[in-house]
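Here is a short tour of a model, written for someone who likes to know how far to trust each part. Please have a look at the fold before reading on.

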Amino acid sequence: MKQLTFILSLVLATSTFSQSNIQEKPFIEVIGTSVKEIIPDEIFLDIFLKERMEKGKKLSLEVLENQLKNELQRIEISVKNLFISDVNSVLSKTSWFSKEILSTAKYTLKVTDSKKLKKLFECLDDLKITEVNITKATHSKIIELKKENRIAAIKAAKEKANYMLSAINEKTGKPIKINEINRNNNDSFAFPNNMQVNRYTSGVSKLKREKTIVQFEKIIIETSIYVKFEIE
């Protein structure tokens, strides 16, 4: 029994000694940061179509959708990027003495070229589509760009550790701990700088439309990585 107690005491002492040695190893803690500015290449819009009466005939959603698709093809925006997201019906007054059930539909459109937005707005105006919301803008390779930014941040941390230790004639060893610092910021989307163009109205004059330029903030990806290195 005394021998067993001695062995357990020896194991505990060895374990404590090992932990003490690990804790006493010299180390350096640094934070590496990398920032990327990205121009959005995917702009998302909500387009609202509403059935209406023209010359005594009802223009159905099907007709309005086909008109929209034809215009998109004309200005070289792929109709594959047009998705219907909601449909409703409302009872609307169509004349002094009659009412009609008119359907409304919400579409989401992805535009991959911001230069085509101006042409798109002009087409929507010609089609008497009065409600269009620019909802967000992002980049098609946002995930890959975030990975690249993380790698750049870790390299920045290693570089920082190197030049700090070189000042005292020491060298950076292997990393002991690596953590990404979560800043909780929205680094996947950008929004229009001029929020007044978020809703485009057909009542805007042609001269004003020609001067209207939709500009987006750049997407800023900022990554910070905490790294703890051993000192050799």
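The notes below cover confidence first, then the sheet and its helices.

This is a predicted model, where local features need pLDDT of at least 70, side-chain atom pairs count only at pLDDT 80 or more, and totals for chains, interfaces and linings use all residues. Residues are numbered from 1 along each chain as its sequence is written, and side-chain values use heavy atoms, leaving out hydrogens and water.

The pLDDT (the predictor's confidence in each residue, from 0 to 100) averages 81 over the chain, and 74% of the residues score at least 70. Helices (H or I, at least four residues) and strands (E, at least two) are DSSP runs, numbered from the N terminus. The two extremes of confidence are both helices:

| Helix | Residues | Mean pLDDT |
|---|---|---|
| α4 (highest) | 142-166 | 97 |
| α5 (lowest) | 206-211 | 46 |

Over residues 194-211 the pLDDT is below 50, and this stretch has 25 contacts (heavy atoms within 4.5 Å) beyond near neighbours in sequence.

Now to the sheet: three strands form an open, antiparallel arrangement in the order β1-β9-β8, where pairing takes at least two DSSP bridges between two strands. β1 (27-38) and β8 are the edge strands. Between β1 and β9 (residues 219-231) there are 12 bridges, and E29 stands opposite K228 in β9. Helix α4 lies across β1, β8 and β9, at about 140° to β1; such angles run from 0 to 180 degrees between N-to-C directions, with axes fitted to C-alpha atoms, for helices over the stretch in contact.
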